[in-house]
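Trainee: Please take me through one part of this model, close up. I would like a single connected account, in short steps.

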Amino acid sequence: MLFPVLATTANVGWFDPDKLWTLIAALVAIVIVLYTTYHRKSRDKFKVRQIAGISAVEDAIGRATEMARPILFTPGWGGDIQRPTTIASMNFLSHIAEKTASYDCTLIYPTHDPVIMTVAQEVVRESYVRAGHADRYREDNISYVSSTQFGYAAAVDGLISRQKPASIFLLGTFEAESLILAETGNSIGAIQIAGTDSTIQLSFFIVACDFTLIGEELFAASGYLSGNRSILASVRAQDILKVIIIVLLMVAVVVASINEISGEQLLGWWGF
Amino acid sequence: MERRLPLLVCFVSGLLMFIMYFSSHPTARLINLTVPLYWQIVFAFTLIIGVASYLRNNVRGIKKGESRPYRIVSVGGFVTMVAVAAIWGIKADTPFMWIFENIQIPMQSTVFALLAFFVASASFRGFRARSIPATILLITALLILLSRTPLGNLFDFLPDLADWLRNYPSMSARRAILVGIGLGSLTTSLRVIIGIERTWLGGDK
């Protein structure tokens, strides 16, 4: 199957010129991220703005401990371990697991993906060891439930209905199951903190959950909770890149307006 | 070594896939097609671990009497599907396909159908006009809803207004969120490739 592909593209060069501008943009972004990450001064002066979802994490764990009820954390059905959102949610999981280990609170982690389950088991085990309570770690609580979307939704819904967790963390990549889970959590009165990279599901989380991490907040919050200064510094890179994008957008608006008013392509160079 | 080797593999793979993206050379395309196949191999092995964990948890739960009826149905369903697949295969007109089409798919559709009721209850809470932003949300939602019903045809301006709301204010907000998500994904991926982000290995240590 691969050989016809090779035969039809035999005379193609190593670099695809159509992707030149993508390469330049990617290299600029990489240089900025690496500079902010490794430059000492950049790491020293760093402050993350107040994000309600982060402050609520401690309250949610404290609430579950006081009520002697479990905490449920699930990464959604839409992603796998290759997805940056899943990696970001692992930082949350690590932080939450460390706290639940200290407070002797049960942490339940159902997932649809056996790879995520394996990684999550390792993350939680390490967190329990770090907290000095390796004996409290229960591997069975981090479990694979089903790979099908609504099989997963039904399994997590069942867990929520029967175990009645005091706090629910819905952090990862969610699809149509997002509202089913969030509304079930809402019906049992759990405090819910959600965050996803799906703009469609964000609207569901905003109406059904107590706190929602919108878009980049999920990545910034995971860096903040990790406490790693290099990770925190890379969040600054996001801000720098955002400023660059805003400036480019403003230039684009001006250029498009001039072209529209003049009726000519005066600044045709923008067409790249 | 236990940490360094995965980090090295991650760095080399990440760098290689980044470089290959910018090439349409046959070798680059071959690498782009081949590397994801390794992911399937890893997934297949972890699926065995996942299924073993699933069975172990449920069997242990049945013995302890925790949610016993649900767990019996769950394990029973698993064993039945494996048995009928092993005996009659999984092609068309086999018991496996009959169970899949007449039991599993309707059950999944049932769970999906719950979404309609959840949308209604979430909308009821979300659209309560308790503040100025919530009132704006309520009015906007009503305009969009009306424009998608036969009532919308009574007012000529309504479909155009709804389209404008979706294509300009809504789309611009959505794109702003997408830019943030894109940048967050970029920095997270870079952190993983250069080895700063090690949560996927269990932690920093």
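Mentor: What follows is a look at the sheet of chain A, then its surroundings and the contact with chain B.

This is a predicted model, where local features need pLDDT of at least 70 and side-chain atom pairs count only at pLDDT 80 or more, while totals for chains, interfaces and linings use all residues. Residues are numbered from 1 along each chain as its sequence is written, and chains are lettered from A and ligands numbered from 1 in the order in which they are written.

Start with the whole chain. Chain A holds 11 helices and six strands (DSSP runs numbered from the N terminus: helices are H or I, at least four residues; strands are E, at least two). Its C-alpha trace spans about 70 × 55 × 40 Å along the principal axes. Of the 272 residues in chain A, 49% are buried (20 or more other C-beta atoms, placed from the backbone, within 10 Å of a residue's own; 12 or fewer is exposed, in between is partly exposed).

Now the sheet. Six strands of chain A form an open sheet in the order 3-2-1-4-5-6, with parallel pairing (at least two DSSP bridges make a pair). Strand 3 (142-144) and strand 6 (211-214) of chain A are the edges, each pairing on one side only. From one strand to the next, the twist averages 15°. Take one pair in detail. Strand 2 (residues 107-111) of chain A runs parallel to strand 3 of chain A, with three bridges between them. There, Pro110(A) is opposite Ser143(A) of strand 3 of chain A.

A helix covers part of this. Helix 5 (residues 84-103) of chain A packs on the sheet. It touches strand 1 (71-74), strand 2, strand 4 (167-172) and strand 5 (191-196) of chain A, contact being C-beta atoms, placed from the backbone, within 7 Å. Its direction makes about 155° with that of strand 4 of chain A (axes are lines fitted to C-alpha atoms, for helices over the stretch in contact; angles run from 0 to 180 degrees between N-to-C directions).

Two loops lead into strands. Asp104(A) sits in the loop between helix 5 and strand 2 of chain A. Its phi is positive, about 55°, although it is not a glycine. Asp104(A) counts as exposed because it has 10 C-beta neighbours inside 10 Å. Ala68(A) is in the loop between helix 4 (52-67) and strand 1 of chain A. Phi of Ala68(A) is near 55°, again positive in a residue other than glycine. Ala68(A) is exposed too, because 10 other C-beta atoms lie within 10 Å.

Last, look outward. In chain A, 66 residues are in contact with 54 residues of chain B. Helix 6 (residues 114-130) of chain A gives the most to its side, with 10 residues. That side divides into 38 nonpolar, 16 polar and 12 charged residues (nonpolar: Ala, Val, Leu, Ile, Met, Phe, Trp, Tyr, Cys, Pro; charged: Asp, Glu, Lys, Arg; polar: the others, Gly among them). One crossing deserves a look. The axes of helix 7 (residues 149-163) of chain A and helix 4 (residues 95-126) of chain B come within 9 Å, crossing at roughly 65°. Phe150(A), Gly151(A), Ala153(A) and Ala154(A) of helix 7 of chain A meet Gln108(B), Val111(B) and Phe112(B) of helix 4 of chain B. By class, this contact has five nonpolar, two polar and no charged residues.

Terms used: Contact = placed C-beta atoms within 7 Å.
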